[in-house]
Amino acid sequence: MTPMTHEQAVVRLHRTIPAPPERVYRAWLEPELLRRWLTPGLEVTRVEVDERIGGHYRIWQGGADGEAGGFECELLELVPAQRIVFRWGFVGPERLAGPAYDSLLTITLREEQNGTTALTLVHERLGDLYAAMPYVAENVGPGWEMVLGRLAAII
């Protein structure tokens with residue numbers, strides 16, 4: 001199989017969330033809410049959010065056999081109730097000492113007339129992750145589908 005290029009490695013999803021944009025926006029930034037919906041299948045052992053442009057966004061995951069890795073991210077853009085852009089890094093148990101597979105995640109929120117939120121998720125620049133761990137990269141889309149369903153359910 002030929003590795004994906006950065007341009008080809010994109011996940012685009014649209015979901016209606018039964019809550020106003022302000023609540024959906026906060027669900028992406030509140031550590032206790034993130035624990036409930038963002039990482040299905042693994043225990044969230046720690047969440048850190050430094051809510052400012054340039055701030056860190058870290059999620060540690062653990063499995064039955066110990067630390068499983070998670071996400072080392074940076075907040076690139078914050079527009080309350082409208083948009084969040086992340087440098088999204090996939091990392092293993094070594095966290096910063098091991099490799100990080102950086103990508104770009106953009107969440108766009110638009111209020112619908114009935115008080116719900118139209119959420120658009122675009123996760124791009126996944127080529128490096130695909131080259132290193134194709135199985136993980138191939139599951140980014142299905143993973144986001146699952147967690148957005150959980151977000152809709154808890155909010």
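A search of the whole structure, a predicted model, identifies 12 salt bridges. One of these pairs Arg15 with Glu145, whose closest N and O atoms lie 3.3 Å apart. This pair links distant parts of the chain, since Arg15 belongs to strand β1 (residues 11–17) and Glu145 to helix α5 (residues 140–154), with the two positions 130 residues apart in sequence numbering. Both partners are partly exposed: the relative accessible area is 26% for Arg15 and 39% for Glu145.

Other salt bridges join residues at short sequence separation. Arg46 pairs with Glu48 at a closest N to O distance of 2.4 Å. Arg46 is partly exposed at 42% relative accessibility, whereas Glu48 is buried, with a relative accessible area of 18%. Arg110 forms a salt bridge with Glu112, the closest N and O atoms being 2.5 Å apart. Here Arg110 is exposed, at 51%, and Glu112 is partly exposed, at 25%. Through shared partners, salt bridges also connect Arg46, Glu48, Arg58 and Glu72 into one network. Within this network, Glu72 is a residue of strand β4. The side chain of Glu72 makes a polar contact of 2.8 Å with the side chain of Arg58. Glu72 has a relative accessible area of 7% and is therefore classed as buried.

The chain as a whole comprises 5 helices and 7 strands. Along the sequence, these elements follow the pattern β-α-α-β-β-β-β-β-β-α-α-α. Of the 155 residues in the chain, 45% are buried. The accessible surface amounts to about 7900 Å², and carbon and sulfur atoms account for 52% of that area. Among contacts between residues at least 6 apart in sequence, 48% join residues at least 24 apart.

Strand pairing was examined for β5, β6 and β7. Strands β5 and β6 run antiparallel and are joined by 9 bridges; Phe90 has Tyr101 of β6 as its bridge partner. Strand β6 also pairs with β7 in the antiparallel sense, over 8 bridges, and Thr106 stands opposite Val122 of β7. The hairpin of β6 and β7 has 5 residues between the strands, and in this hairpin Gly115 adopts a positive phi near 85°.

Ser103 is located in strand β6 (residues 100–111). With a relative accessibility of 5%, Ser103 counts as buried. The side chains of Ser103 and His123 are joined by a polar contact of 2.6 Å. When residues up to four places away in sequence are set aside, Ser103 touches Phe86, Arg87, Trp88, Phe90, His123, Glu124, Arg125 and Leu126.

Arg125, one of the residues touched by Ser103, lies in the loop between β7 (117–124) and α3 (127–132). Its phi is near 60°, a positive value in a residue other than glycine. Arg125 is partly exposed, at 46% relative accessibility. A positive phi in a residue that is not a glycine also occurs at Ala81, where the angle is about 65°. Ala81 is placed in the loop between β4 (66–79) and β5 (83–91). In contrast to the partly exposed Arg125, Ala81 is buried, with a relative accessible area of 17%.

Val49 forms part of strand β2 (residues 43–49). Apart from neighbours within four places in sequence, Val49 is in contact with Leu29, Pro31, Leu34, His56, Tyr57 and Leu75. Val49 and Cys73 are 24 residues apart in sequence, and their C-alpha atoms are 9.4 Å apart in space.

On the surface, Met133, Tyr135 and Val136 make a nonpolar patch of about 300 Å². Val136 is situated in helix α4 (residues 134–138). The relative accessible area of Val136 is 33%, and Val136 is thus partly exposed. Patch membership requires over 30% relative accessible area, a cut-off that the 33% of Val136 satisfies.

Key
Residues numbered from 1 in each chain as written. Predicted model: local features only at pLDDT ≥ 70, side-chain atom pairs only at ≥ 80, totals over all residues. Heavy atoms only, no water. Patch = residues over 30% accessible without salt bridge, like charges linked within 9 Å, V, L, I, M, F, W, Y side chains within 5 Å. Areas by Shrake-Rupley, 256 points an atom, 1.4 Å probe, with all protein chains shown as cover. Salt bridge = Lys/Arg side-chain N within 4 Å of Asp/Glu carboxyl O. Helix = DSSP H or I, 4+ residues; strand = E, 2+ residues; numbered from the N terminus. Buried < 20%, exposed > 50% of the residue type's maximum accessible area, 1.4 Å probe, protein only. Polar contact = N/O pair within 3.5 Å; in protein donor to acceptor, adjacent residues only side chain to side chain. Contact = heavy atoms within 4.5 Å. Pairing = 2+ DSSP bridges.
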